[in-house]
Protein chains: 2
Amino acid sequence: MGTATSPKGLEGLSLKSLEAFRAIIQSGSATAAATSLGITQPAVSRLLASFEQHVGFALFYREKSRLFPTEEALALFKEVELTLQGAERISLLARNIFNSDLGLLKIVAPNSFIAGPLADVVADFMRQHPRVNISLDTHSPATARELVAHRSADCGFIQLPENHPGLQVESMLQSHTVCALSPAHPLASKGRIEVQDLLGQNLILLGKGRYSRMQIDSIFQQAGVPMKVKLETHTVAIACTFARRNLGVAIVNGMLARQYADNNLLLIPFAPALIYEYGFITSAHAPMSRLTTAFFNHCRQSFGRMQDELIPKA
Amino acid sequence: MGTATSPKGLEGLSLKSLEAFRAIIQSGSATAAATSLGITQPAVSRLLASFEQHVGFALFYREKSRLFPTEEALALFKEVELTLQGAERISLLARNIFNSDLGLLKIVAPNSFIAGPLADVVADFMRQHPRVNISLDTHSPATARELVAHRSADCGFIQLPENHPGLQVESMLQSHTVCALSPAHPLASKGRIEVQDLLGQNLILLGKGRYSRMQIDSIFQQAGVPMKVKLETHTVAIACTFARRNLGVAIVNGMLARQYADNNLLLIPFAPALIYEYGFITSAHAPMSRLTTAFFNHCRQSFGRMQDELIPKA
DNA sequence: CCATATCAATAACAAAATGTAATGAAATGA
DNA sequence: TCATTTCATTACATTTTGTTATTGATATGG
């Protein structure tokens, strides 16, 4: 006969015995407990025996072939229930994480990108994942790169090309370059504006030093068209504001400018075709979290649809 | 290939996987976790795999043959730790219950019994079980019987004989009947007082209607000695108080009177021997709890020792 | 009183979980 | 390059957890 011993650590303790114990207390009999657990009565009997062995003393007294909980069992019951609820919370939390509907998603993106195409995409995502909290910040491209590489942010959007070694880059969307100008402007009636058309025109440009700006400069240079840069600024919004007042032709990212187009501001494709490309960046040091992956897929889908609308056929 | 699924209930969840998960997070590697758990590394690997399968997604990313926790793992970790701590609390509580050093013990006993022999016994028990709370109340014998039978009290002391069907009775201690009297009393010099010695003496008696009183009455009757009951009262303390003032001879329970004996109050054995017997009662409807059992054993031991001192050899 | 039903325990066995030792692959560092 | 470290995998033993069938004790209803 085994000498009764007090429990040491968690040896021999299992969630199943705890569940059986709880079910017996709650239902009042081993048979009913078995039914509620979806197992057979002998299994419950043995799980209970194993728990009793763990604690070292009887939890029920057997009389008239029934089980009656002892004082000790009732004293333990509360703790057991709390622990099982804890285990259930683990499963629940896991399910939420699995469904990516819980957590904090930190995104960095250029200001104009947030104000432009990203706003609706993020808004949609938030509606679809109501319990996800989102942090959406703007930083300089250099800082954004570092934040994402160091995993201080989960992901970001950045203008391509991008070759930071700590970043994983996925091309996310492309946008054509357009000329933004007032309907009163002489070129307003054209369906497409060539570099040559801009000879002598006041230009509104932005992004001095950026790759995309270098591309524009180089196109003018190759075409032998001198640039008459009337206004140099930093945001698409400002560039469009001045174009609307007919102070010149702004050469801007079509997708970012789209929101400013109206009766007083026309957007006309620029030729030769000049593509702005944005990438989705994550850290190369760790795989995306489930939440980030969910957001990535959402972006793929949304931006894909957005682009199909903008550029139906290539 | 298994499609990832979110966790349902507690299926497939085990404390061991949770322990393995916690150990890996805390120690930073599966090998170290294995060491700290006292099992082998492959076992840890598989426990982790089983937990990952339960939650439905990866908890670590494997790179450079190392394990790095994902965001999801860190989010789950807190809950897992709480649950494991809960399980540890179950074991701790069980150990405390096992050692009977936790809980509430409700005792009922006659007032004179508490004031007399029980006080030291309970005090000792409290010292040995510092975290046990004790409720010690006095009720009429009838109420005491009901309280214990209905399990409103865990146990009680009662004068025997006792034959309530709902009670389990264990004889606990016996005490001789003594005469308490002043040193100035004529009988003070005797080593033993017989019934006949009390002929014509003023008597102080108590417990009218009780079994023990009936026994005294019957002894006098059989001896043909008329009783000169000068004072009728209810407690041993009062009976002794008057005996001390030499107002008569009190015939009382020796063990209860013992505490009042001093230079002004002698206790002299009464003959024929008349035994007061006290029983330890518990409910017949349920077995004693561990705590009650521990108290019962403590009483057995303490009263046994006490009785050996009082009546060294029979 | 007896047939019947219920309940818990147990035995015998199948399946799953959990342990082991041995080995392999990949990265690390001397 | 070579020894070491780390994790995954394989093959196998052991323990846990489940099953069905049976038993003994106890109500219950005729």
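User: Which residues come nearest to DNA strand C?
Analyst: In this predicted model, A:Thr31, A:Gln41, A:Arg62, B:Thr40 and B:Arg46 come nearest, out of the 20 residues around DNA strand C.

User: How far is the side chain of A:Arg62 from a phosphate oxygen there?
Analyst: An N or O atom in the A:Arg62 side chain is 2.3 Å from a phosphate oxygen of DNA strand C. For A:Thr31, the side-chain N or O atom is 2.5 Å from a phosphate oxygen of that strand. A:Ser45 has a side-chain contact of this kind at 3.1 Å.

User: Nice. Which elements give two or more residues to that surface?
Analyst: From chain A, helix H2 (30-37), H3 and strand S2 (66-69) do, together with H3 of chain B. The most comes from H3(B), with 4 residues.

User: And how much of what the protein touches on DNA strand C is sugar or phosphate?
Analyst: Of the strand C atoms within 4 Å of the protein, 56% belong to sugar or phosphate, and the rest belong to bases.

User: How do the residues near DNA strand C divide by class?
Analyst: They divide into 7 nonpolar, 8 polar and 5 charged.

User: OK, switching to DNA strand D. Which residues come nearest?
Analyst: Here they are A:Thr40, A:Arg46, A:Lys64, B:Thr31 and B:Arg62, from the 20 residues around DNA strand D.

User: What does A:Thr40 have close to a phosphate oxygen?
Analyst: A polar side-chain atom of A:Thr40 lies 2.4 Å from a phosphate oxygen of DNA strand D. With B:Ala30, a backbone N or O atom lies 3.0 Å from a phosphate oxygen of the strand.

User: Which side chain has an N or O atom 2.9 Å from a base nitrogen?
Analyst: That's B:Gln41, and the base nitrogen belongs to DNA strand D. As for elements, helix H3 (41-55) of chain A gives two or more residues to the surface near DNA strand D, and so do helix H2 (30-37), helix H3 (41-55) and strand S2 (66-69) of chain B.

User: Which one gives the most?
Analyst: H3(A), with 4 residues. By class, the surface near DNA strand D has 7 nonpolar, 8 polar and 5 charged residues. Sugar or phosphate accounts for 58% of the strand D atoms within 4 Å of the protein, and bases for the rest.

User: New topic: what domains does the assignment give for chain A?
Analyst: Domain 1 is 15-97, domain 2 is 103-171 + 278-310, and domain 3 is 174-276.

User: How far apart are the C-alpha centres of domain 1 and domain 2 of chain A?
Analyst: They lie 47 Å apart.

Technical notes:
Residues are numbered from 1 along each chain as its sequence is written. Chains are lettered from A and ligands numbered from 1 in the order in which they are written. This is a predicted model: local features need pLDDT of at least 70, side-chain atom pairs count only at pLDDT 80 or more; totals for chains, interfaces and linings use all residues. Side-chain values use heavy atoms; hydrogens and water are left out. Domain bounds come from an automatic or database domain assignment. A residue is near a molecule or strand if one of its heavy atoms lies within 4 Å of it. A polar contact is a pair of N or O atoms within 3.5 Å; within protein, one must be able to donate a hydrogen and the other to accept it, and residues adjacent in sequence count only if both atoms are side-chain atoms. Ala, Val, Leu, Ile, Met, Phe, Trp, Tyr, Cys and Pro count as nonpolar, Asp, Glu, Lys and Arg as charged, and the others, Gly among them, as polar.
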